[in-house]
Amino acid sequence: MKKKIILVLCSLVLIVFALTFVACSSAGNDESNGQSNPINFLKDVFTFEQAYAYATDLGFSGTLDEFVELLSGKDGKDGIDGKDGANGKDGKDGVSVEKVELGKDGHLYVTLSNDTEPMDCGMVSEQMPTHVHTYSDWFFVCLPTCTVPGLKQKVCSECGYVYGEVVEAAGHNVVSVEEVAPTCTSAGWTKASYCDRCGEVFEKREQISALGHSFTEVVQTISPTCTDKGYTIYKCEHCEMTVVNDYVNALGHDYDENDICTRCGDMKYFSFELQSNDTYALVDYTGDKAELVVPSKLKEKDVSAILYIENNSINTISFGNHIKKLDIVSFGYLCQNLSKINYIGDIADWCKIEMTSSNRSMNKMMSLVQNGDLSQENYRDELLTNMPTLIIDNQAITDTLVIPNEVRKIPFGAFVLCTKLKKVYIPNSVIQMSKWAFFPEMMLDEVHYDGNIREWCAIEETNSSIDKLYSMLDFYPVLAAKALYIGGEKIEGELVIPEGVSVIRKNAFNLTRITSVIIPESVTKIDTNAFWGCYNLVEVYNKSALDITVGSTENGRVAEHAKAVYTEPYESKLSKVDGFYVYTDEDDKILVCYVGEESELMLPSEITKIGKYAMKSKDATSITIPSSLLRIDEYAFAYCTSLEEINYEGTCEQWAAIEKASDWDSETGEYVVHCSDGDIAKTE
């Protein structure tokens, strides 16, 4: 409706403008200055009344009827008092005035819509006066639309003449909107077009409903396995979405007489986990076999690790060098009836296994400790007697272990189960030993190293995560032995560290029966506990820049039990007689240690004191003590497990008067003290 009102208003403005324009043209010429002014901007809209108004303005002096008769009554209106084709005021139907103009000859020319040549209506005036208009800028009376022309005007500032032009309709600016195809989940739209100026719609946009998924294409069919369902994967014919459907129940295992599934190769009672290296790890066994063989393959993949086993049915477990990682804690603590570990490989291969303590086994160990099933007080004797025997290459590791030359590292847990070991032979190819390579509280009889002291000092000691189970573990060495041999020489008495050694490694000489040591200038560091347990070390000759003082636990405890530390050449106060080392300091004559191998011992005469761990010897059965003795230090006779008698040269009263430290006879046999006037039993 609004659009129609605007069109009507524009038509009225055009009529007013036309009348004004004709009036002005009688006073002068148009912009052509003397040329005719065709009034054709109102083509197809002139009525005879409008044409008559223009004609009178141009000088026509007749009436409307005369004007109509002049044009043969052709006015384009339906006849009222005349009939079609007859003369009359209303003329003939279907004819209108197209143009009214004043020619150069002063004649009035009228062009009808059905004529091609203008009609000369005669002279209407004499020569018209000449006037040149001075116009203002154009201004729009009515803006054009897409379908209706507009009107712009300019006004002469001198005579007020208004000149106008019709601005053609702009025409539609058609914008097309492409079709949007529907998807499975979203609606689409049909193609559309409209004018982006007036908004007229030429093609209406219609919504197309979403297609919806249609899962008809089979992408993949998964067959069921023993443990997993089967299923089919379908793809939508319209999009890439897939769905899983048509499930088929798992087949279940079909185990044969060997407890192996005939379909998938799974092993009954075994639990495996696939690792990141695409091999399997055994993580438990719940069957009741006494002799368990760990398979090398599972479902055509290698079995490379044993990470956990807790089973009291197993007596023997066997596996080969396909095992690259092993939870040694499970075998030592969680398989209580395990008596044999049968390794099908050699010692060099065994030392390449990554020994570990899994979180699961460690947590189990911690729970045993917290529940009181395993305590630091009772676990030692239990483990030393109940550990399984390690069999490597058909040889049981019991009394003696010889490590081959190609071995460079002795890893954590490698021989921690071998609690019956007495002798260990280590090649100089070894550059690293774990603190838990051997059972940390086991006292070996002998450790033999075929390198030299410089190489021995350079071997690296590594710790393990299992250390956190035992708060005192730091005090236990990698190897605890009654005798250490380096290059075939027993380390006892005087120890000379060769020039060129810069670091004496941790626990290098702990528990050795050395009585004196020479530290060269080249030494810059002595690691923690390098000389721990060296209770007989009474003299230290320090040539290095290290600050070593008597009784200090610094610098590897080298001077913790020392009587003297020298920095200049000195005269030793130690003497050695028949395997006994005696330290003489004024009136004191201290028995420092015994390094011999006799079973019936007679202590040196006139000694006044027996030092800590001085008589530590499992072989001694009889010991004779002089009456000059005044004091026996703690653990002086410790571990003399074969001791049967002590022959004291004084009386029972004198024996009782000797100052004795607590635990001086710890871990000894049930001896009897024979005095000059009677016997005293150990319990007394």
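Student: Let's start with Trp350: is this residue buried or exposed?

Tutor: This is a predicted model, and in it Trp350 has 1% relative accessibility. Buried means under 20%, so Trp350 counts as buried.

Student: Which ring does Trp350 pair with, and how do I read such a pair?

Tutor: Here's the general idea: you describe two aromatic rings by how far apart their centres are and by the angle of their planes. In this case, the partner of Trp350 is Tyr343. Their ring centres are 5.0 Å apart with the planes at 70°, so this pair is edge-to-face. Tyr343 is buried as well, at 1% relative accessibility.

Student: What other aromatic pair does Tyr343 form?

Tutor: Tyr343 also pairs with Phe319, again edge-to-face, with 5.9 Å from centre to centre and 65° between the planes. Phe319 sits in strand β20 (residues 316-320) and Tyr343 in strand β22 (residues 340-344), so this pair ties together parts that are 24 residues apart in sequence. Phe319 counts as buried too, with 1% relative accessibility.

Student: How many aromatic pairs does the structure hold?

Tutor: There are 20 aromatic pairs. You can also look for rings that group up: Phe637, Tyr648, Trp655, Trp664 and Tyr671 form one aromatic cluster.

Student: Now for empty space. How many cavities of 30 Å³ or more are there?

Tutor: The general trick is to roll a probe the size of a water molecule over the atoms, which shows where empty space is left. Here, three cavities of 30 Å³ or more turn up. The largest cavity has about 120 Å³ of space.

Student: Which residues line the largest cavity?

Tutor: It has 15 lining residues, and Trp456, Leu479, Leu484, Ala508 and Asn510 lie nearest the centre. Strand β32 (residues 480-486) gives the largest share of the lining, four residues. By class, the lining has 11 nonpolar, three polar and one charged residue.

Student: And what about the second largest cavity?

Tutor: That one holds about 80 Å³. It is lined by 11 residues, with Ile328, Val329, Tyr333, Val416 and Trp436 closest to its centre. The lining divides into 10 nonpolar, one polar and no charged residues.

Student: Last one: which element has the lowest mean pLDDT?

Tutor: As a general rule, don't read predicted coordinates in detail where pLDDT is low. Helix α1 (residues 2-25) has the lowest mean pLDDT among the elements, 39, while strand β38 (residues 539-542) has the highest, 97. Over residues 1-45 the pLDDT is below 50, though this stretch has 82 contacts in the model beyond near neighbours in sequence. For the whole chain, the mean pLDDT is 82.

How values were computed
Residues are numbered from 1 along each chain as its sequence is written. This is a predicted model: local features need pLDDT of at least 70, side-chain atom pairs count only at pLDDT 80 or more; totals for chains, interfaces and linings use all residues. Side-chain values use heavy atoms; hydrogens and water are left out. pLDDT is the predictor's confidence in each residue, from 0 to 100. Helices (H or I, at least four residues) and strands (E, at least two) are DSSP runs, numbered from the N terminus. Contact means heavy atoms within 4.5 Å. On a 1 Å grid over the protein atoms alone, a cavity is a set of points where a 1.4 Å probe fits but cannot get out, and a pocket is an open set with protein on both sides within 12 Å along at least five of seven lines; lining residues have an atom within 4 Å of a point. Grid points are joined across faces, edges and corners, and a volume is the space filled by probe spheres set on the points. Ala, Val, Leu, Ile, Met, Phe, Trp, Tyr, Cys and Pro count as nonpolar, Asp, Glu, Lys and Arg as charged, and the others, Gly among them, as polar. Rings of Phe, Tyr and Trp (its six-membered ring) pair if their centres lie within 6.5 Å; planes under 30 degrees apart count as stacked, over 60 as edge-to-face and the rest as tilted. Buried means under 20% relative accessible area, exposed over 50%, partly exposed in between (1.4 Å probe, protein chains only).
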